[in-house]
Amino acid sequence: MRRLIILFIVVLAMNLAGEPIDLNRATLEEIYQLPISREQAEAIYEYRTYTAFFKSIYDLRQISEIDQETLNKIKPLVLISHYENRDEAALRRDEIAYLIEQLGNSEGMQEGMSDEWEDYLITPRNVNRLSFANLLNMPNVSPLDAVYIRQRIARGDSIADYRDMRQTEGISYYGASNLRHYVYYDEDNEQEERLHFDVQMKYADNPYEENPETMYKEAMINLLPNGETMTGCPRIKEQSYWGYFEMDKYDFSLMSKLRFRWGNRIKGGIMYNSERGEPTIMDFSGQSKYLAEKLGDNGKYFASYEDYLFGDNFLRVIAGHYRATFGQGLVMENTDFYSARKTGSGFSKRITGITPDLSRSQEFNLKGVAAEFNNHRFYGALFYSNDKKDAVVYDSNHDGVIDENDSDVFSYITMTRRFDNEELAEAEDFFNNYSEPGTTNPYDIAMAPRVDWLEEQTIGGRFAWSPLAGTEIGVSGYESVYDKDFVVDADSLTGYLFRSSDDAFGKWKDPDSEILALYSTSTDDYERNYRRVTGIDWRTTMGNTSLEGEYAELQVDGNELSLGDDPGALVLSTYSQWDNLYLLMLYRDYDLDFDNPYARGFSEHQKFDNTAIDNYAYTLTNSLLNDLYTNQAQAQAERGIYLETRYRFHEKLTLSRAYLDIWERKCDSRKSIRFQGELDFRPIYQLSLRLKHKHQQNRYDDDAERSVSITDETTGRVIANLSNFDRISLEYRYLTVWGPPYTYLSNDGEIGGNSTAQGSSRSFADYICVDYTHHFNDGLKTQGAFMLWDSNGLSHWDWEDMEIDFFGEEGFKFWFNITDRISDNLYLSLKYKYKKYNTREYQYRAWWNEAPDEGVWVYNKVKKEINTIKLQLDYKF
């Protein structure tokens, strides 16, 4: 009778289950559906993942948790698909294909990290030998997770497998599940060292974004009929950089990268990136005539060696291009890309230490030699770099030409398009000297960017001591020596920057004190040829809380051996972790004149935000100076406190990410507040209902101030997770922005006639989007979206894959991305985007006696239609 009941249950289960479960392909959720315990299901999944694929059903008896009775019970419900005796690296890529795809598509801040993480995915490291710093550099591993693992290993209790790691006291499920793909557990599982090749090519014909396009189209020739006003000024095609360089013709960007490595010890690589309009690696029409010369001038390359010496002493040496990142990024983090609210944890992780660099960063490269050494008690790093930097140069001798005779530099600059210096000089000469009979051109270019103008030699490093696992104190610093002077002269700067001697029609405001606070190597008080930054950083743990911080100073005129008498920057943060909750708190305070070009600390805005360089590009003598803001990587000088949390307070309800930031902008004491929270309700696992709200108020302490704005944004989203990892979602967003009374709303353009405030303003915008993901099979999938929006002058944006896209006025777009694993080693990604929208281009307010017929402002709606293709090929061997 008992056997009949068991047989009935098995037959019933077979009917309910439908197709048998393939144990070589099933997810953990699918294995849970079998009539076995969760412990047995996890044991089957982990055996398949970390030991071997199943060759027959009887391999289940190799698992201690599966007895003969259990095997007999599930035997009719499962099948074992054909096992291919393939290359171990190819099998590994099968298991973690989704992670490799995410890393391969990374751009910007994550680019350099992705190469490092992908290496460890294919050839993992022994978790029992990793130092605290190495563990912390793994993606989504918190400081507390790293501490708990190191404390356990320090007691002599090594980790045997993933299940054993999950039993580590205090470790979070999230940290352990992310770490498991990057590590192995004992020397018997170490992969045999072999040669790996990664070849990547990225092609894209994306147009210029709105801000750079506006910058290039800004008129550089403003002809005034003799003795008359601006009204009726003639216009010519070549009056802007856009017209002069014919930038509306078809162009594209191309990045080619080759990396190789022998296991995890010997690595090397080369990369060449040409942005839109720049010469490609195969174009030898420019100054570099040979491939080696071309790679040396504009490419990136490295060779490195790393290994464990004499136990757990880890050594890495790099020659070529590398990244150096220490502490909270206040002393050193060399990347061209800015990231708002970069806490250093979660999705804004920073890899600390010395790592190879084949990212698209160009301006803040470090090129030379670097080495780091660490064990469980000591960390040391030293680096030397010699590289040429793009810079903004003055016409310091006032001869109307910017050339090698002009030695004064205003600032570093990351250029959207790196025209060569001869092209720039010819364009400036054309703009300065163009005239027509009976007209004058009253403006001369007095400042301009130049490529590879400044030679920078940098030496630096960091040393740290760790008395306990998770406790560390370190000192770091660098010194850069220049072959030209940085000069910021407050008395003459506006004359160089602006087209008018009266401070660009009164546009010089309090926020522009940030421009005057830039560092000078030559002043009335001192003459030097260097910039020196030093800092101290620390970290410790108390129970389930990690405390860390960094203080950095820029040496100006203070005592080198004392703290606090030079411009400084401070970050303090705590991170507390529980099973279903984390809480992060961060305080930052940056002095206005802490001008460290390699600082990438936490901030809400980038340097020069809301200054004349940002807001009034049309008044600049050279519109290309707008790149000083558009591509700025430094944080703005701020003081504030930031709180972030994620709390799963119910099985079906999660506060998925909420943060509150209250801060003051140092340049004009503007106080702001920003809040964002999202609630995720899952009535069933496959369905997610999300509600998100964002509130931001600038200048909350004075409602009548012109810089006040109040933004509220509410988003509702429904996500359905379908079978085979397919997904579809519907999102709606509603946005309002309130502005204060504005004196210009009804007055005319006459100077001095703006004395009465005329009410407040409120703008509205909305957006609707459907996005989807569909897997055709294990190797082929597509994802994309359709959306409509109406911006009314406000800012809308969308995440496409791994990149962000900002919208114009009302419009619509759709995009799709097809990714295909063509073979074991070859991957293809093809993305197409179509966007049609209106953009509102307008001339600045007419401060002249004759206002245009259209009113004080001249509005011109321009319809745009964009088709773009992005192609990526990856070959991994």
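Below are exercises on this predicted model, each with a worked solution.

Residues are numbered from 1 along each chain as its sequence is written. Because the model is predicted, local features need pLDDT of at least 70 and side-chain atom pairs count only at pLDDT 80 or more, while totals for chains, interfaces and linings use all residues; side-chain values use heavy atoms, with hydrogens and water left out.

**Exercise 1. Overall make-up**

Task: State how many helices and strands the protein has, what share of its residues is buried, and how its contacts spread along the sequence.

Solution:
- Step 1. Take helices and strands as DSSP runs, numbered from the N terminus (helices: H or I, at least four residues; strands: E, at least two). The protein has 20 helices and 35 strands.
- Step 2. Sort residues by relative accessible area: buried is under 20%, exposed over 50%, partly exposed in between (1.4 Å probe, protein chains only). Of the 877 residues, 54% are buried.
- Step 3. Count a contact when heavy atoms lie within 4.5 Å. Take the contacts between residues at least 6 apart in sequence; 64% of them join residues at least 24 apart.

**Exercise 2. The surroundings of Asp537**

Task: Locate Asp537, classify its accessibility, and find its side-chain partner in a polar contact.

Solution:
- Step 1. Asp537 lies in strand 19, residues 530-542.
- Step 2. Its relative accessibility is 4%, so Asp537 counts as buried.
- Step 3. A polar contact is a pair of N or O atoms within 3.5 Å; within protein, one must be able to donate a hydrogen and the other to accept it, and residues adjacent in sequence count only if both atoms are side-chain atoms. The side chains of Asp537 and Arg462 make such a contact, at 2.6 Å.
- Step 4. Set aside neighbours within four places in sequence. Asp537 then touches several residues, among them Gly327, Arg462, Glu472, Ser476 and Glu550.

**Exercise 3. Salt bridges**

Task: Count the salt bridges in the whole structure, then examine the pairs of Glu213, Glu333 and Glu644.

Solution:
- Step 1. Apply the criterion: a side-chain nitrogen of Lys or Arg within 4 Å of a carboxyl oxygen of Asp or Glu. The search finds 57 salt bridges.
- Step 2. Glu213 pairs with Lys864, with the closest N and O atoms 2.7 Å apart. Glu213 is in helix 12 (residues 210-217) and Lys864 in strand 35 (residues 858-876), so the bridge ties together parts 651 residues apart in sequence. Both Glu213 and Lys864 are buried.
- Step 3. Glu333 pairs with Lys342; here the closest N and O atoms are 2.4 Å apart. Glu333 and Lys342 are both buried.
- Step 4. Glu644 and Arg657 meet at 3.4 Å, N to O. Glu644 belongs to strand 23 (residues 638-650) and Arg657 to strand 24 (residues 653-665), so this pair ties together parts 13 residues apart in sequence. Glu644 is buried at 7%, whereas Arg657 is partly exposed at 32%.
- Step 5. Look for a network. Asp798, Glu800, Asp805, Lys813, Lys831, Lys833 and Lys835 are linked in one by salt bridges.

**Exercise 4. Aromatic pairs**

Task: Count the aromatic pairs, and classify Tyr47 with Phe54 and Tyr394 with Tyr496.

Solution:
- Step 1. Rings of Phe, Tyr and Trp (its six-membered ring) pair if their centres lie within 6.5 Å; planes under 30 degrees apart count as stacked, over 60 as edge-to-face, the rest as tilted. The structure holds 38 aromatic pairs.
- Step 2. Tyr47 and Phe54 are 5.3 Å apart, centre to centre, with 20° between the planes: stacked. Tyr47 is buried at 18%, and Phe54 is buried at 0%.
- Step 3. Tyr394 and Tyr496 are 4.8 Å apart, centre to centre, with 70° between the planes: edge-to-face. The pair links distant parts of the chain, with Tyr394 in strand 13 (residues 378-394) and Tyr496 in helix 16 (residues 493-497), 102 residues apart. Tyr394 is buried at 4%, and Tyr496 is buried at 11%.

**Exercise 5. One side of helix 12**

Task: List the buried residues Pro212, Glu213, Met215 and Tyr216 of helix 12 and place them around its axis.

Solution:
- Step 1. Pro212, Glu213, Met215 and Tyr216 are buried in helix 12.
- Step 2. Take the arc of the directions from the helix axis to the C-beta atoms. These residues cover only 160°, which puts them on the same side of helix 12.
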